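Dear colleague,

I am passing on a structure for you to look at, and below it I have written out what was found in it. Please keep the sequence and the 3D view open while you read.

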Amino acid sequence: MKVLSSPEDIYAQLDFARRHGKRIGLVPTMGALHDGHLSLVREAKRECEIAVTTVFVNPSQFGPNEDFAKYPRTLDSDLEKLASVGCDFVFVPSKDHMYPLGHSTFVEPPAVAANWEGKIRPGHFRGVTTIVLKLFNMLPAQVAYFGRKDYQQVAVISAMVRDLNVPILVQSCETIREPDGLAMSSRNRYLSATERVRALGLWHALSQAQSMIDDGQRSVSRIESAMNEVLEKAPVDSIDYAAIVDPDTMEQRSDLDSPAVAIIAVRVGTTRLIDNSLLQVQ
Ligand code: AMP
C-alpha cells in the first residue's frame, strides 16, 4: 500500500495505472476509520483493480461552531486498517495541498442540498461538493464509493456529477451498523456509555417507522409523530428532524405511494448523529 501526500505523485501513479487499462475505485473519507469506511474499500476492491482511499478532514464543510478542531485524527490506525483490507493507495494531502493560498473557488451545491442537513448546517454541502470535485479532479478514478449512512450527501454528489458532467460513476453502499443497530460513525467515539445507550433511539425510531408500515399504517404524519416519540423517550437531547422524504429529491413526502426514505438527525449530549432507512412499502 502506497501512502502519498503530493497531488502530483498520486495523479502520476493513478494516471499510469489507468493508461494501462486498470479500473480505479475512489473512497473519500475524513479518517477515524471504522468498518463502515472499510466496507466501501472492500466494495472498491471487488469492482476495481485499484482502490484509493483519501484521508482529509475538510475544514470547509464544518461550520464555525462545529467539531473541526476536535474531529478524531487517527492516521496510524487508519493506515493499518486500510492495509488489512488491501487498499492500494492512500492519499493524505495537507491543508495547503487542498486549499493553497488564494483558494477562492467553491462549487454551488445542487437543489437537493437545500433542506435538512443543508438548512441546519449552512455551508456544509458547499464544502462537501468543493472537496469532492477537487478529489475527482486530482484522482482519475472511474468509480467513487459513498455510504448511504450520509444519504443526502450521496444525493448531492450524484446531482453534482450529473449537472457538471463529471466523468465518474457514483456508487452508494449500504450502512454498516453495530450489532445493536447503531450506525457506525466516527463521531460515536464522542459518546459516553449512557449516551451510547440513548443513541440507539435513532435505530429504534427507524425500526418503528418500518414496523408501522408493515402493520399497514400509511399516514406519513402518524409515522413521523411516532418516530419523534421514540426519540423523545430514548431520550435524545434535541431533534433536528425526523422526516419521511422522497429518495431522489429529498422533498417531504405526504404519502407512501412511491418509494420513501426516513431520515433523522439528533443531538445526544453534544454529539450530532444522523441516520436513515429506505422504507419498504408493499
Ligand atoms: P466520513 O469519513 O464520515 O466523511 O465518511 C466517509 C465515507 O464513509 C462517506 O461516504 C460515508 O457515507 C461513509 N460511511 C460513514 N459511516 C458509514 C457506515 N456506517 N456505513 C457505510 N458507510 C459509511
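To begin with the ligand, how far does a backbone N or O atom of Met30 lie from an oxygen atom of the ligand? In this model, which is a predicted one, that distance is 2.9 Å.

Two further polar atoms of the protein can be placed in the same way. A polar side-chain atom of His37 lies 3.0 Å from an oxygen atom of the ligand, while a polar backbone atom of Ile176 is 2.9 Å from a nitrogen atom of the ligand. The ligand taken alone exposes 480 Å², and of that area the protein buries 92%.

Around the ligand there is a shell of 17 residues, and the closest of them are Met30, Gly147, Asp150, Ile176 and Met184. If you would like to trace the shell through the secondary structure, strand S2 (24-29), helix H2 (35-47) and strand S5 (143-147) each supply at least two of its residues, and H2 gives the most, with 3 residues. Sorted by class, the shell has 7 nonpolar, 7 polar and 3 charged residues.

Next comes the second largest pocket, which holds about 220 Å³ of space. It is lined by 13 residues, and those nearest its centre are Val112, Ala155, Ser158, Pro247 and Asp248. Helix H7 (residues 151-163) provides the largest share of this lining, namely 6 residues, and by class the lining divides into 7 nonpolar, 3 polar and 3 charged residues. Where does this pocket lie with respect to domain 1 (2-173) and domain 2 (186-279)? It lies between them, because both domains give residues to its lining.

Finally, there is the matter of enclosed space, for the structure holds 1 cavity of 30 Å³ or more. The largest cavity has about 50 Å³ of space, and its lining consists of Lys149, Leu182, Ala183, Ser185, Asn188, Ala199, Leu202, Leu273, Ile274 and Asp275. Strand S9 (residues 271-279) contributes the largest share of that lining, with 3 residues, and in terms of class the lining is made up of 6 nonpolar, 2 polar and 2 charged residues.

As you go through the view, you might start from Met30, His37 and Ile176, each of which has a polar atom at the distance from the ligand given above, and then move on to the pocket between the two domains and to the cavity lined in part by strand S9.

With best wishes

Key: Residues are numbered from 1 along each chain as its sequence is written. This is a predicted model: local features need pLDDT of at least 70, side-chain atom pairs count only at pLDDT 80 or more; totals for chains, interfaces and linings use all residues. Side-chain values use heavy atoms; hydrogens and water are left out. A residue is near a molecule or strand if one of its heavy atoms lies within 4 Å of it. A polar contact is a pair of N or O atoms within 3.5 Å; within protein, one must be able to donate a hydrogen and the other to accept it, and residues adjacent in sequence count only if both atoms are side-chain atoms. Accessible areas come from the Shrake-Rupley method with a 1.4 Å probe; for residues, only the protein chains shown count as cover. Helices (H or I, at least four residues) and strands (E, at least two) are DSSP runs, numbered from the N terminus. Ala, Val, Leu, Ile, Met, Phe, Trp, Tyr, Cys and Pro count as nonpolar, Asp, Glu, Lys and Arg as charged, and the others, Gly among them, as polar. On a 1 Å grid over the protein atoms alone, a cavity is a set of points where a 1.4 Å probe fits but cannot get out, and a pocket is an open set with protein on both sides within 12 Å along at least five of seven lines; lining residues have an atom within 4 Å of a point. Grid points are joined across faces, edges and corners, and a volume is the space filled by probe spheres set on the points. Domain bounds come from an automatic or database domain assignment.
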